[in-house]
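This report describes a single protein chain for a reader working at the bench. Please consult the sequence and structure shown here alongside the sections that follow.

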Amino acid sequence: MSLHTIKLVGTTNGSQAAVITAERPVFGYLEMVDWIDGDFTDGVDAVLTVTRTSSGTDHTLLTLTNANADAVYYPRRVVDTTAGAAATGVYDRFLIDGDLVLTIASGGASKTGGCIVYYSTE
């Protein structure tokens, strides 16, 4: 397994929002997200998604509400059975196959922060 990182850090605009897109597509498995609160105003919300996927469907990887302090997250998805139903209590890593995008809301005007995404390739 090879571990890689992508840093998604940016500065909010006058509307207290920011959209930060990775400079290159990512292909691998999401391992961890290291949230960096920076100097965002308390009440900051963030959504990490993967866009421009092979299927053309965007996927939400992590949603943070009132992310007022630095934190580490290990997002996982519910695994499906062969019948397409959720397998109770069974989780696995997200597959990333496109552009990582971090969207910030309510971060305060001209405030900086973001995250570091850790992903593996096998």
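## Salt-bridge network

Glu31, Arg76 and Arg93 are linked in a network of salt bridges, a salt bridge being a side-chain nitrogen of Lys or Arg within 4 Å of a carboxyl oxygen of Asp or Glu. The model is predicted: local features need pLDDT of at least 70, side-chain atom pairs count only at pLDDT 80 or more, and totals for chains, interfaces and linings use all residues. Residues are numbered from 1 along each chain as its sequence is written, and side-chain values use heavy atoms, with hydrogens and water left out.

Within the network, Glu31 forms a salt bridge with Arg76, with 4.0 Å between the closest N and O atoms. This pair links distant parts of the chain, since Glu31 belongs to strand β3 and Arg76 to the loop between β6 and β7 (77-80), 45 residues apart. Strands are DSSP runs of E with at least two residues, numbered from the N terminus. Arg93 also forms a salt bridge with Glu31, and here the closest N and O atoms are 2.7 Å apart. Arg93 lies in the loop between β8 (86-92) and β9, 62 residues from Glu31 in sequence.

Glu31 is buried at a relative accessible area of 15%, where buried means under 20%, exposed over 50% and partly exposed in between (1.4 Å probe, protein chains only). Arg93 is likewise buried, at 17%, whereas Arg76 is partly exposed at 32%.

## The remaining salt bridge

The structure holds three salt bridges. One of them joins the side chains of Arg52 and Asp99, at 3.0 Å from N to O. Arg52 lies in the loop between β4 and β5 and Asp99 in strand β9, so the pair ties together parts that are 47 residues apart in sequence. Arg52 is exposed, with 68% relative accessibility, while Asp99 is buried at 13%.

## Strand pairing

β3 (26-36) has several antiparallel partners, where pairing requires at least two DSSP bridges between two strands. Seven bridges connect β3 with strand β10 (residues 112-121), and Ile36 has Gly114 as its bridge partner there. Four bridges join β3 to β9, with Gly28 partnered by Ile96. Three more join β3 to strand β6 (residues 71-73), where Asp34 stands opposite Val72.

β4 (45-51) pairs antiparallel with β9 (residues 95-105) over seven bridges, and Val50 stands opposite Leu100. β4 is also antiparallel to β5 (residues 59-64), through five bridges, with Leu48 opposite Leu62. Five of the seven residues of β4 are buried.

## Internal cavity

There is one cavity of 30 Å³ or more. On a 1 Å grid over the protein atoms alone, a cavity is a set of points where a 1.4 Å probe fits but cannot get out, and lining residues have an atom within 4 Å of a point. Its volume, about 30 Å³, is the space filled by probe spheres set on the points, which are joined across faces, edges and corners.

The lining includes Val33, Trp35, Leu48, Leu62 and Cys115. β4 supplies the largest share, three residues, and β3, β4 and β5 each supply at least two.

## A buried acid without a partner

Asp37 lies in the loop between β3 and β4. Asp37 is buried yet has no salt bridge, and Lys111, the nearest side chain of opposite charge, is 10 Å away; Lys and Arg count as positive and Asp and Glu as negative, with His and the chain ends not counted. Among the residues that Asp37 touches are Val44, Asn68, Asp70 and Thr112, contact meaning heavy atoms within 4.5 Å.

Definitions and conventions: On a 1 Å grid over the protein atoms alone, a cavity is a set of points where a 1.4 Å probe fits but cannot get out, and a pocket is an open set with protein on both sides within 12 Å along at least five of seven lines; lining residues have an atom within 4 Å of a point. Lists of a residue's contacts leave out its neighbours within four places in sequence.
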